[in-house]
Amino acid sequence: MKRFAPFVLFLVALAFGPGPAYATIDDALSFALEAADPYVKEGFTVREDYWGGDLPVKSTKAIVHQLFKGNEYWFWMGTDQKAAKISVHIYDSAGNLAESEAWQKPHFAAARIVPKKTGSYYLIVEIEKSPDERTYWSLAYGFK
Amino acid sequence: MKKALILALVALSPVVVLAEPPKTIDISKLPAQSKLIDDVVVPVPSEIFGVLDKLGPKPNWTAVQRPIKGVAPTPGDQPQIALLLGSVIAEGFIAVEAEDPEGVKQIGKSVLSLAKALNVDKSVVKRSNSIIANADKKDWTMVRKELDGALEDVKGAMSELNSEALSQLVSLGGWIRGTEALTAVVGKSYSKDGAELLHQPLLLDHFEKRLAGLKPKFKTPLITKVQKGVLDIRPLIGLVEGGDISEKSVKEINSITSDLIKSINSKAQ
């Protein structure tokens, strides 16, 4: 999804003339990475890989991801829509909320976890509020 | 006074405290609109090696290296080159742990050469140069970042060339080499915490699915061997959440991954 989405959007932009569509996932990623910036100074390594897409209001996406006990992780979500309210939360494989903390700001949301076990975790991303029909989002992560 | 100041700062902060998320969710009954994203982000080796460094005395990473003499040769078919490229990038992370600038520089050149064989070299020229320059400066943080970046750039370029399958093989090659190194370290000085790092059912299932879905043109004898290796590893990595992974299993996984890496590096495939 993440790799094809920009390419498909690019084709759509080519077909229907210049527009902001292609830029939006990249913009969302820029915001996610902006949220990550202060944590890089704290020693977090930010992965180059990321997830992204677009979602209608009040809908969620689940991402399953491998985490390792002994690391600390931050997940940073970004959107180009300032008026949107977005969120990210982390659950373990049994469905229990597993994050240590989480926060939201305009353009951003983030959640931190210090995994108690090595294994699969579920990241639930949501567009809680937005003036747009569909809102572009991106999720990056870092570890230390 | 201090408390009042803190409360005032909290009130003025742009951070909005979250509405409480549910304490539990039913993973088996995610709402229809919450369909799982099919994209799996494969961890880079340093994400796992860093934990080993924290667990005890720093492992002897030099003993785990598979030094590359000259530039890695490009074997015959594209699936093998893709697997080799992934394993060479993983080797770069091991060389960084071993703080081996010459090894890293050789890997930087090999990444470019293998990327060229896959027709995606344009996307990694800058990364390759940066890996070499930062190895000279012994800036290991930057080398790790550029290795991760090279991996993503190669995979991104392959996706644009409609070579998603090969892109997955790059990830798999890296995972196999990373797992070989991990099991070598844990096998030498076994601990339950170290072995727990192998509990990666999600990644095994992901690779298994991708290998099963490969087009017949990619199903070379090497790919069939890799597919069998992944299936053989699956029951060894802990089928039950929280279940211990034995020393015997660690050694078996090491044997399987070592054999696969030898085949990936072999010219005779």
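Let me start with a pair of residues: A:Ile63 stands opposite A:Leu123, which belongs to strand 8 of chain A. What we are looking at is a predicted model, and I will come back to how confident the predictor is. The two strands involved here, strand 3 and strand 8 of chain A, pair in the antiparallel sense, and they do so over 9 bridges.

Now let us step back to the sheet around that pair. Strand 3 and strand 8 are part of an open sheet of 3 strands in chain A, whose order is 3-8-5 and whose pairing is antiparallel. Which strands lie at the edges? They are strand 3 and strand 5 of chain A, each of which pairs on one side only. If we ignore direction, neighbouring strands of this sheet are turned by 20° against each other on average. It may help to keep in mind, when you look at the picture, that in a regular strand the side chains alternate between the two faces of the sheet.

Staying with strand 3 of chain A, we also find A:Val64 there. Is A:Val64 buried or partly exposed? A residue needs 20 or more other C-beta atoms within 10 Å to count as buried, and A:Val64 is partly exposed because it has 19 such atoms within that distance. A:Ala84 comes 20 residues away from A:Val64 along the chain, and the C-alpha atoms of the two are separated by 24 Å.

Let me turn to another pair of strands in chain A, strand 6 and strand 7, the latter covering residues 108-113, which run antiparallel and are joined by 5 bridges. Within this pairing, A:Ala102 has A:Ala111 of strand 7 as its bridge partner. The two strands form a hairpin with 2 residues between them, and in that hairpin A:His107 takes a positive phi near 80°.

For chain A as a whole, the secondary structure comes to 2 helices and 9 strands, and along the sequence the pattern reads α-α-β-β-β-β-β-β-β-β-β. Of the 144 residues in this chain, 51% are buried. If we take the contacts in chain A with a separation of 6 or more, 73% of them are between residues 24 or more positions apart.

Next comes the place where the two chains meet, with 39 residues of chain A in contact with 44 residues of chain B. On the chain A side, the elements giving two or more residues are helix 1 (4-16), strand 3 (59-67), strand 5 (85-91), strand 6 (101-105) and strand 8 (119-129). Which of these gives the most? That is strand 3 of chain A, with 8 residues, the strand in which we found A:Val64 a moment ago. By residue type, the side of chain A that touches chain B divides into 14 nonpolar, 16 polar and 9 charged residues.

In chain B I will pick out helix 7, residues 140-160, which has 21 residues and reaches 30 Å from its first C-alpha to its last, close to the 30 Å expected at 1.5 Å a residue. Just after this helix, B:Asn162 takes a positive phi of about 60°.

Finally, to confidence. The predictor gives the complex an ipTM of 0.87 and a pTM of 0.86. Chain B has a mean pLDDT of 87, with 89% of its residues reaching 70 or more, but over residues 1-17 of chain B the pLDDT stays under 50, and the model has 5 contacts beyond four places in sequence for that stretch.

Key: Residues are numbered from 1 along each chain as its sequence is written. Chains are lettered from A and ligands numbered from 1 in the order in which they are written. Two residues are in contact if their C-beta atoms, placed from the backbone, lie within 7 Å. Helices (H or I, at least four residues) and strands (E, at least two) are DSSP runs, numbered from the N terminus. Ala, Val, Leu, Ile, Met, Phe, Trp, Tyr, Cys and Pro count as nonpolar, Asp, Glu, Lys and Arg as charged, and the others, Gly among them, as polar. Two strands pair if DSSP finds at least two bridges between them. A residue is buried if 20 or more other C-beta atoms lie within 10 Å of its own, exposed if 12 or fewer, and partly exposed in between; C-beta atoms are placed from the backbone. Axes are lines fitted to C-alpha atoms, for helices over the stretch in contact, and angles run from 0 to 180 degrees between N-to-C directions. pLDDT is the predictor's confidence in each residue, from 0 to 100. The expected span of a helix is 1.5 Å times one less than its number of residues.
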